[in-house]
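Please open the model in your viewer and keep the selection tool at hand. The tour below goes from stop to stop, saying at each one what to select and what is found there.

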Amino acid sequence: MRAALRLYVLTTVFSLTGMPAAGQQPDEIAGKVFHVAFEGSDANPGTQDRPFATLSRARDAVRGALRQTESGDITVLVHQGTYHVEEPLVLGPEEGGDGQRKVIYAAFGGEVPVISGGQPITGWKKHPDGTWTAQVPAVRSGGWQFRELFVNGRRATRARHPNDGFLRVDQVGKDRRTSFRYRDGDVHRWADMDGIELVFLHDWSISRLPIRSIDQANRTLAVKHQIGGPSPWAAMDWFEKQPRYYLENSKAFLDAPGEWFLDPNTGVVSYRPRSGETIDRVSIVAPVAEQLLVVRGDGDRRVKNVHFVGLAFEHAAWMPPEGVYWGRQAGTYWTVSAKQGESDHREADPAAVQFELAESCRFADCRVRHVGRSAIWLGRTCRGCEIVGTTVCDAGANGIMIGEGKARLVEGKPWWEVVPGEAASGNRVANCLVEQCGRELFGAVGIWVGLAGNTEIVHNEIRHVPYTGVSVGWMWWNPRERDEPRNTPSRENVVADNHIHHVMQILSDGGGIYTLGKQPGSALRGNLIHDVPTNAGRAESNGMFLDQGTGLFLIAENVIYQIARSPLRFHKGWINTVRGNYLVVGEGIPPVRYNDTKQERIELVNNRVVDTTDEIEQAIERTRRTAGIEPKYRERLGCNGESGR
C-alpha cells in the first residue's frame with residue numbers, strides 16, 4: 001500500500017466561475033500551472049510534458065510558487081490515472097491563496113480524477129459453493145481492519161441476519177439496557193460469537209456494539225456494553241416495547257448475493273457474488289485512509305481561496321471508537337469512557353473531505369462517494385465557502401455538514417454562547433445531489449447545518465436517506481424550564497428551492513426538513529417535499545419537523561405531499577410564520593400538528609390544504625420548475641449512472 005497521492009480520471013464539466021472550462025488547454029489558463037499525471041515523477045518540474053506523480057508534490061510546488069510570486073492564480077491540473085492514498089492531502093494557510101488570487105486543483109480537460117483511499121483486493125479464488133475468497137496479509141498481521149467493501153463501484157453488504165428487514169425484540173431485560181429476550185427461531189448460537197455486532201434501532205438513532213452471549217434455553221441475547229448512551233431515551237423500550245434490531249459480521253450470515261465477511265484471525269475475506277459478477281472481471285476495494293482531503297487553518301491564520309474543481313473522492317474508512325457506537329443525533333454520539341459507567345459526548349467524526357478555518361474556498365463539480373463516514377464538512381469557523389454542482393452518494397454517515405455541534409468558546413462560557421464571529425458563516429450548498437447517506441449510521445442526515453449563520457442550502461436534491469433530509473440548528477428548548485429559547489449563532493439560514501424526497505426510510509421522528517432552536521431571519525421557502533412513509537418507531541415523521549425551540553422562521557411557498565403523517569409538525573415551538581404553503585393530507589390527518597406548542601405562536605397565513613387532484617398536480621408542477629437542481633447541472637449529476645432527477 002502506498003502513501004503517495006495518485007489519481008483516476010473520469011469525466012466532468014467545469015463551472016462557469018473563472019475556472020477552466022472543459023477541454024481548455026494549459027496555455028488558455030492565466031497564471032502558473034502545474035501538472036499531475038499517472039506516468040509522472042515527483043522529480044519532474046510539474047510541466048505538461050514532465051508532470052508530477054502526486055498531489056502532495058504539487059502542493060509543495062504551489063507553496064513555493066506562492067512564496068516566489070505576489071500575483072496571479074496558481075492551477076494544478078490533474079490528468080487521467082488511478083492511484084490510492086493511505087493519508088489525506090492536507091493543505092494549510094501557506095498553501096492557500098488570498099483576497100486577489102486563487103489556488104486551483106482541477107481536472108484536466110474533460111477528465112475527472114478519482115482520489116481513492118481504498119486498496120484493491122486481488123487474488124480471488126472461487127469455491128464450489130460459489131463463494132469467493134482472498135487472502136489479505138495486512139489483516140492477518142493486525143495492521144489493517146475494515147468495515148466496508150466496494151465491488152465494481154457498489155457497496156457490498158457486511159454479512160447480516162436477517163438478510164432483509166429487521167428482527168423484533170420479544171421482551172427487554174430488567175435493566176432495559178444489557179439484554180433482551182428474542183422471539184423463537186430468530187437467533188441461534190453461532191460458532192464465531194466474538195465478532196458478531198448488534199445493530200439496534202432507536203427512534204432517530206442507532207447503537208452498534210458487540211454481543212456478549214446467547215442463551216438459547218432462555219432465548220436471551222446479552223451485550224458487552226449497554227445498548228444506547230446515558231440519556232433516558234436511549235433505553236431499549238423507551239420508544240417501543242418490541243424495537244427493531246439485526247445482527248452483523250458472522251461467517252454464518254454469509255448466505256446472500258452481495259454479502260461479505262472478513263475473518264480478522266486468518267485475514268481471509270469472503271464474498272458471495274451478485275448476478276452477473278465474474279471473478280476474472282471484478283474490481284474489489286476496501287478503504288484504508290480515514291480522510292481524503294483536509295483543508296485546515298492554524299490559529300488565526302486561515303486557508304483562503306482554494307478551489308477544487310472536477311475531482312472525485314472515494315473510499316474512506318470508519319471504525320467505531322472502542323468498538324461501540326451509541327448514536328445521539330445526526331452522527332453525533334456518546335463513547336464509553338475509561339471510567340466504568342461514564343460516557344463522553346462527541347461531535348460527528350471528521351468527514352472524508354474536511355474544511356476547518358477556511359475562507360472563500362470552493363468545492364465545485366466534484367464527487368464524493370463510497371465512504372464509511374460523513375462525506376464533506378465545512379466545519380470550524382468556515383466563512384464564505386461554497387459546495388456547488390457536487391454529487392454526494394453512498395456515505396456511511398452524513399452527506400454534507402456545515403458548522404459545529406460544539407463551538408469553540410470563550411473560556412468559562414457554555415457551548416451555545418459562542419460569539420457569532422467565531423461560528424461558521426456565509427457558506428453555501430447549491431445544485432448538489434445528495435443521496436444514499438447513513439449507510440452505516442442510520443441516524444445521519446443528507447445536509448446538516450449546526451451552529452452556523454447566514455447559510456444557504458438552495459437548489460439541491462436530497463433523496464433516499466434513512467433519516468432526515470436537511471437539518472438546521474443545534475439548540476434544544478424546554479418551555480417548562482425557560483421562557484424563551486436561547487440565542488446561538490444560528491441565524492439567517494435559508495433552505496430554499498430544494499427537492500427532498502424518499503427520506504425517513506428507516507428511522508422516525510424527523511422529516512424532509514428538521515429544525516432546532518431560535519434562528520432569527522431564517523427561512524424554509526419554495527421546497528418540494530414528498531414521499532415520507534409512516535414512522536416505524538413511536539414518534540411520527542413529517543414533511544417538516546420543527547422541533548424544540550424552532551423560532552423566528554418564515555416557512556413559505558413549500559409544496560408538501562405524499563406524507564403519511566402531518567406535513568408540518570411543531571414540537572415545543574417558538575414564534576414562526578407559516579405562509580402560502582400547499583399541504584396535501586390524508587383523511588383524518590391535520591395539516592399542522594402541535595406537540596407541546598402554543599398554537600397562537602404559529603401565524604398561519606394563506607396556506608392551502610389541497611384536496612383536488614388537479615390542484616395538487618398544478619402545485620407540484622409549478623414547484624418542480626423552480627425546486628431542485630437547476631437545468632445546467634442536472635445532466636452531469638448522478639450516482640452509479642443515475643440522473644439527478
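A residue is called buried when its relative accessible area is under 20%. With that cut-off in mind, select Glu404, which counts as buried because its relative accessibility is 3%. Glu404 sits in the loop that runs between β38 (400-402) and β39 (424-425). If you leave out residues up to four places away in sequence and show what Glu404 touches, you will find Glu347, Gly379, Arg380, Thr381, Trp448, Gly450, Leu451 and Trp474.

Before going further, colour the chain by confidence, since this is a predicted model. The protein chain has an average pLDDT of 91, and 91% of the residues score at least 70. Over residues 1-25, however, the pLDDT is below 50, although the model gives this stretch 104 contacts beyond near neighbours in sequence. Residues 640-645 also stay under 50, and for them the model has 24 contacts beyond four places in sequence. Where pLDDT is low, the predicted coordinates should not be read in detail.

Next, select strand β29 (residues 332-336), where 5 of the 5 residues are buried, so that the strand is largely enclosed by the rest of the structure. Thr332, Trp334 and Val336 point one way from β29, while Tyr333 and Thr335 point the other way. In a regular strand the side chains alternate between the two faces of the sheet. Add strand β28 (residues 325-329), which pairs with β29 in the antiparallel sense over 3 bridges; Gln329 has Thr332 of β29 as its bridge partner. The hairpin of β28 and β29 has 2 residues between the strands, and there Ala330 takes a positive phi near 50°.

From this hairpin, turn to the cavities, of which 4 have a volume of 30 Å³ or more. Which residues line the largest cavity? They are Trp318, Tyr325, Gly331, Tyr333, Ala348, Asp349, Arg373, Ser374, Ala397 and Leu441, and the space they line comes to about 60 Å³. By class, this lining has 6 nonpolar, 2 polar and 2 charged residues.

Now move to an open sheet of 5 strands, which has mixed pairing and the order β9-β10-β22-β21-β13. Its edges are β9 (125-126) and β13 (157-158), each of which pairs on one side only. Within the sheet, select β21 (residues 259-263) and β22 (residues 268-271), which run antiparallel and are joined by 4 bridges; here Phe261 has Ser270 of β22 as its bridge partner.

After β22, look in the loop that leads to β23 (284-287) for Ser283, which counts as partly exposed at 41% relative accessibility. Leaving aside neighbours within four places in sequence, Ser283 is in contact with Phe150, Val151 and Asn152. Although Ser283 and Asn152 are 131 residues apart in sequence, their C-alpha atoms are 5.0 Å apart in space. Asn152 lies in the loop between β11 (150-151) and β12 (154-155), and Asn152 is partly exposed at 39% relative accessibility.

The last stops concern the backbone. Most residues other than glycine have a negative phi, and most peptide bonds are trans. Asn152, however, has a positive phi of about 50°, and His459 has a positive phi of about 55°. His459 is found in the loop between β44 (456-458) and β45 (461-463) and is buried, with a relative accessible area of 15%. Finally, select His161 and Pro162, whose shared peptide bond is cis, with omega near 0°; Pro162 belongs to the loop between β14 (160-161) and β15 (167-172).

Key:
Residues are numbered from 1 along each chain as its sequence is written. This is a predicted model: local features need pLDDT of at least 70, side-chain atom pairs count only at pLDDT 80 or more; totals for chains, interfaces and linings use all residues. Side-chain values use heavy atoms; hydrogens and water are left out. Two strands pair if DSSP finds at least two bridges between them. Buried means under 20% relative accessible area, exposed over 50%, partly exposed in between (1.4 Å probe, protein chains only). pLDDT is the predictor's confidence in each residue, from 0 to 100. Contact means heavy atoms within 4.5 Å. On a 1 Å grid over the protein atoms alone, a cavity is a set of points where a 1.4 Å probe fits but cannot get out, and a pocket is an open set with protein on both sides within 12 Å along at least five of seven lines; lining residues have an atom within 4 Å of a point. Grid points are joined across faces, edges and corners, and a volume is the space filled by probe spheres set on the points. Ala, Val, Leu, Ile, Met, Phe, Trp, Tyr, Cys and Pro count as nonpolar, Asp, Glu, Lys and Arg as charged, and the others, Gly among them, as polar.
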